[in-house]
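The exercises that follow are meant to be worked through with the sequence and the structure side by side. Each one sets a task and then gives a solution in steps.

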Amino acid sequence: MPTAIVTQLNGHVVQVRLASETTDTTAPAALESTATETEAVATEAGATETTAATTAPNPIAATPNELAWTAGSFLVLFVIMRYFLFPRLKKATDARYASIRANVEGADQVKSDARSAVAEYEAALAAVQAEAAGRIDAARQTLDNERTAQLAQVNARIAAARAEAEAATAQARAAAQSQIATAVATVVTRAAELATGRKPDASTVDATVKSVMESAVTR
Amino acid sequence: MEAISMLVSAAAEKDPNTTGSGLTALGAGLAYGFAAIGPALGIGNLVGKSVEAMARQPEAAGMVRTTMFLGIAFTEALALIGFVVFILLKFA
Amino acid sequence: MLALEFPEINSLLVWKNLFDGVGFNKIALIAVLATTISSLLFFFATRKATSDAPRGARNLAEVIVDFIEDGVIMQTMGKEGLAWTPFLLTMFLFIYLCNVPGIIPFFQMPATARMAVPMFLAGLVWVVFNATGIKHQGPVGYLKSVLFPPGVPKALYILVTPIELISTFLVRPFSLAVRLFANMLAGHILLVTFALLSEALFQAKDKALIPVGILPFIMLVFLTSFEVLVAFLQAYIFAMLTAVYIGGAAHPEH
């Protein structure tokens, strides 16, 4: 879009050629329209037309219409914000924060409940474990007792059997010795009879045989 | 800066024969130029010290930043008054 | 060299009325649009209350409110200043939406670059902070706390009192208005300058000059993004200074 700005200051026309040759066509028109002793007239083709009347407005002065529109807009916005929109926003925000806080507190409650349940469970577990350990100990004790009893019984039986065997052996040996002694005595008596022609005294023979045998046995 | 010099030269070109206008333009340029010196030093010093403080104590960075912006606002006002004086001298 | 002449400044700032009679020009249009957009944003934000995470307009509105509460009020006035949230929120939104048309195509004019807008806002702030001081401390107490700040040696009051009088009642509103106005005006003039320069160079008769036009154009793009920042920063600073003044008037010991 061609844009041309024509400026006139103190009756001194300055032409501005920015975009196209339209400057040349608008310049005379602007010159004619503001040929009086206007201080400054700004013309922007297509956007802004003549704004200044007799004197140029101070660029940093506040104009009443702008002031009024600003004040009106700001105050309207402030009233709307203060009395309608902000309280509604704040209410919703507070409600949300409250619900979040309630949720957090509920979660805390649930957490502490769970924690106490866990503690309960652990206590029960410990009790059960103690009981089980007691039972195991008792069972072990019983087992031990039974084993010792059985062991003792078996040992006793073995000892009895051994004693019996020993007795039998001793008896057998005694029997054998007496048989041997009888035999030896018979032999000795016969031999003495043959040698002396007289039957030796049985008791003497017996005593002699016995002493010899005992010495032999001890030797 | 370019804007300023361009405005000044534009002002000088418009009425090259009038000494008053030229002097006004010169005064306008000088008004802004001189007004910018102090705040420039001030803001440089201020921001430098603030950065130093923030680097030393990053946990206080938020507070330092707020105070820094306040300080910049107060310091910068001087330069801006110079700018307004320039606009006043030049256009009003 | 170039057929370039900076246009008369009023052609950049003074806009003709859109309608006859009511003085409704571009600045008024921007002001009305600022009100409309802010109201619509908060209207859509509050249309339906939800307990879910906020989305869309509600999210944006809550971010802005949080920014005002945490970034402006809590930093300057403390917890008791939260009652001022609607005022400062309105202030911030209105100024921001008046600043931002300076870089929006077809508007290309910050409403705050016209003195009427900052002057009205600064005057309003002046009235509000003085009224707050009088309400909280009474007329005499307020004047006393302003003109005779505690902790100053008695002899220095000869010096301090006139300075405080001028700085509180004259310099504050003046600098508040001028800061916003001059920032936006300077940004506007800079943008115009570089836009004119690039246009003139791009359409130069001498073909060798055409590539040079890219330089002011780059500067124009950079300045436009800079103005995005400035538009926000000036609204923020204005709101923050308002909070500081009101907070100082309500609680002079700070």
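**Exercise 1: Two chains compared by their elements**

In this predicted model, chain B contains three helices and zero strands. Describe the order of elements in chain B and in chain A, and then set out burial, contacts and surface for each of these chains.

*Solution.*

Step 1. Reading along its sequence, we find that chain B has the pattern α-α-α. Chain A, for its part, has three helices and three strands, and from the N terminus on its elements come in the order β-β-α-β-α-α.

Step 2. For burial, where the cut-off is under 20% relative accessible area, chain B has 92 residues, of which 40% count as buried, while chain A has 219 residues, with 19% of them buried.

Step 3. Consider next the contacts between residues at least 6 apart in sequence: in chain B, 71% of these join residues at least 24 apart, whereas in chain A the figure is 34%.

Step 4. The accessible surface of chain B is about 4,900 Å², and 68% of it belongs to carbon and sulfur atoms. For chain A the exposed area is about 14,900 Å², of which carbon and sulfur atoms supply 61%.

**Exercise 2: A helix of chain A against a helix of chain C**

Work out how H2(A) and H5(C) are oriented, and which residues bring them into contact.

*Solution.*

Step 1. Helix H2 of chain A, which spans residues 64-196, packs with H5(C) at an angle of about 50°, and their axes are 8 Å apart. Because roughly parallel requires an angle under 35 degrees and roughly perpendicular one of 65 to 115, H2(A) is oblique to H5(C).

Step 2. As for handedness, H2(A) and H5(C) make a right-handed crossing.

Step 3. On the side of H2(A), the residues in contact are A:Glu66, A:Leu67, A:Thr70, A:Ala71, A:Phe74 and A:Leu75, and they meet C:Ala116, C:Val117, C:Met119, C:Phe120, C:Leu121 and C:Leu124 of H5(C). Sorted by class, the residues of this contact are ten nonpolar, one polar and one charged.

**Exercise 3: A helix of chain B against a helix of chain C**

Repeat the analysis for H3(B) and H7(C).

*Solution.*

Step 1. Helix H3 of chain B (residues 61-91) and helix H7 of chain C (residues 214-250) pack at an angle of about 95°, with 10 Å between their axes. Since 65 to 115 degrees is the range for roughly perpendicular, H3(B) and H7(C) are roughly perpendicular to each other.

Step 2. From H3(B) the contact draws on B:Thr66, B:Phe69, B:Leu70, B:Ala73, B:Phe74 and B:Glu76, and from H7(C) on C:Leu233, C:Gln234, C:Tyr236, C:Ile237, C:Met240, C:Leu241, C:Val244 and C:Tyr245.

Step 3. By class, the contact of H3(B) with H7(C) comprises eleven nonpolar, two polar and one charged residues.

**Exercise 4: Positive phi in a loop of chain C**

Locate C:Phe106 and C:Gln108, and state for each the phi value and the degree of exposure.

*Solution.*

Step 1. C:Phe106 is placed in the loop between helix H4 (85-99) and helix H5 (116-147) of chain C, and C:Gln108 likewise lies in the loop between H4 and H5 of chain C.

Step 2. Although C:Phe106 is not a glycine, its phi is positive, near 75°; C:Gln108, also a residue other than glycine, has a positive phi of about 50°.

Step 3. With exposed meaning over 50% relative accessible area, C:Phe106 counts as exposed because its relative accessibility is 82%, whereas C:Gln108, at 41%, is partly exposed.

How values were computed. Residues are numbered from 1 along each chain as its sequence is written. Chains are lettered from A and ligands numbered from 1 in the order in which they are written. This is a predicted model: local features need pLDDT of at least 70, side-chain atom pairs count only at pLDDT 80 or more; totals for chains, interfaces and linings use all residues. Side-chain values use heavy atoms; hydrogens and water are left out. Helices (H or I, at least four residues) and strands (E, at least two) are DSSP runs, numbered from the N terminus. Buried means under 20% relative accessible area, exposed over 50%, partly exposed in between (1.4 Å probe, protein chains only). Contact means heavy atoms within 4.5 Å. Accessible areas come from the Shrake-Rupley method with a 1.4 Å probe; for residues, only the protein chains shown count as cover. Axes are lines fitted to C-alpha atoms, for helices over the stretch in contact, and angles run from 0 to 180 degrees between N-to-C directions. Angles under 35 degrees count as roughly parallel, over 145 as roughly antiparallel, 65 to 115 as roughly perpendicular and the rest as oblique. A crossing is left-handed if the near helix is turned anticlockwise from the far one by less than a right angle, and right-handed if clockwise. Ala, Val, Leu, Ile, Met, Phe, Trp, Tyr, Cys and Pro count as nonpolar, Asp, Glu, Lys and Arg as charged, and the others, Gly among them, as polar.
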